[in-house]
Amino acid sequence: MEKDKNLYSPIFKVTKEKRRALHGHNSKIIWFTGLSGSGKTTIANELEDILHSKGISTFILDGDNIRQGLNNDLGFSQEDRKENIRRIGEVAKLFVDSGIVVLVTFISPFASERKLVRDMVEKDEFIEVYVNCSLAECEKRDPKGLYQRAKNGEIKEFTGISSPYEVPENPEIILETSNYSIKECTEILYDYLKRLL
């Protein structure tokens, strides 16, 4: 409580709107959610390449690179997972304020946590991309060998195996990676986004 009394919101001369004008486009959080192995990071990587070629300033925040740095003090308990999402939401908000399109690729299995981040920014600044892929297909791909390790009991609280995934009820866009290629999904997403940026 005492700490809150000593905190003040600074007023900067260079605003979010001025930063957007400098970049020449809107800034957004493009939040990719879905099971491990669904294709979130792969699509984000392809999308960023397209956006970069169009002169759009971007940055990818990925579950792995964030946990190796900013969030390396967090485990995988429910409390730590919630704090993981809260922190990345705060970082993503700073990117929006800086005028940059930030692509965030986190499993983020719980609707309440995704809503928490959505509520941090203005209504049109958060785009939820549900990368839908069946559990069976994700297990078949298993690029990091995580599903097998979870089934062997080596990883506790693993989403899709020992921890639930709450499917988004109203995402801005759904990409069906079981049915469409990465290239096709990226093109579908870019076609959706280009009018918003």
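Ala, Val, Leu, Ile, Met, Phe, Trp, Tyr, Cys and Pro count here as nonpolar, Asp, Glu, Lys and Arg as charged, and the others, Gly among them, as polar. By this division, the lining of the second largest pocket comprises four nonpolar residues, one polar residue and five charged residues. The structure is a predicted model.

The second largest pocket has a volume of about 240 Å³. Its lining is formed by P10, F12, V14, T15, K16, R19, E90, K93, L94 and D97. At least two of these residues are supplied by each of α2 (16-23) and α5. Helix α5 provides the largest share of this lining, with four residues.

The largest pocket encloses about 770 Å³ of space. A total of 33 residues line the largest pocket, and those nearest its centre are S36, D64, I107, K144 and L146. Each of α3 (40-53), α4 (63-67) and α5 contributes at least two residues to the lining of the largest pocket. By class, this lining consists of eleven nonpolar, 13 polar and nine charged residues. Helix α5 thus appears in the lining of the largest pocket and also in that of the second largest pocket.

Helix packing was examined for two pairs, one involving α5 and the other involving α3. Two packed helices are described by the angle between their axes and the distance between the axes. Helix α5 (residues 78-97) packs with helix α6 (residues 111-118) at an angle of about 20 degrees, and their axes are 9 Å apart. Helix α5 is therefore roughly parallel to α6, since angles under 35 degrees are assigned to that class. The crossing of these two helices, α5 and α6, is right-handed. On the α5 side the contact involves R81, K82, I85, R86 and G89, which meet E113, L116 and V117 in α6. The contact of α5 with α6 contains three nonpolar residues, one polar residue and four charged residues.

In the second pair, the axes of α3 and helix α9 (residues 182-193) cross at roughly 55 degrees and come within 9 Å. Because this angle falls outside the ranges for roughly parallel, roughly antiparallel and roughly perpendicular helices, α3 and α9 are oblique to each other. The crossing of α3 and α9 is right-handed. Residues T42, I43, E46, L47, I50 and L51 of α3 make the contact with I182, C185, T186, L189, Y190 and L193 of α9. Nine nonpolar residues, two polar residues and one charged residue make up the contact of α3 with α9.

Notes. Residues are numbered from 1 along each chain as its sequence is written. This is a predicted model: local features need pLDDT of at least 70, side-chain atom pairs count only at pLDDT 80 or more; totals for chains, interfaces and linings use all residues. Side-chain values use heavy atoms; hydrogens and water are left out. Axes are lines fitted to C-alpha atoms, for helices over the stretch in contact, and angles run from 0 to 180 degrees between N-to-C directions. Angles under 35 degrees count as roughly parallel, over 145 as roughly antiparallel, 65 to 115 as roughly perpendicular and the rest as oblique. A crossing is left-handed if the near helix is turned anticlockwise from the far one by less than a right angle, and right-handed if clockwise. Contact means heavy atoms within 4.5 Å. On a 1 Å grid over the protein atoms alone, a cavity is a set of points where a 1.4 Å probe fits but cannot get out, and a pocket is an open set with protein on both sides within 12 Å along at least five of seven lines; lining residues have an atom within 4 Å of a point. Grid points are joined across faces, edges and corners, and a volume is the space filled by probe spheres set on the points.
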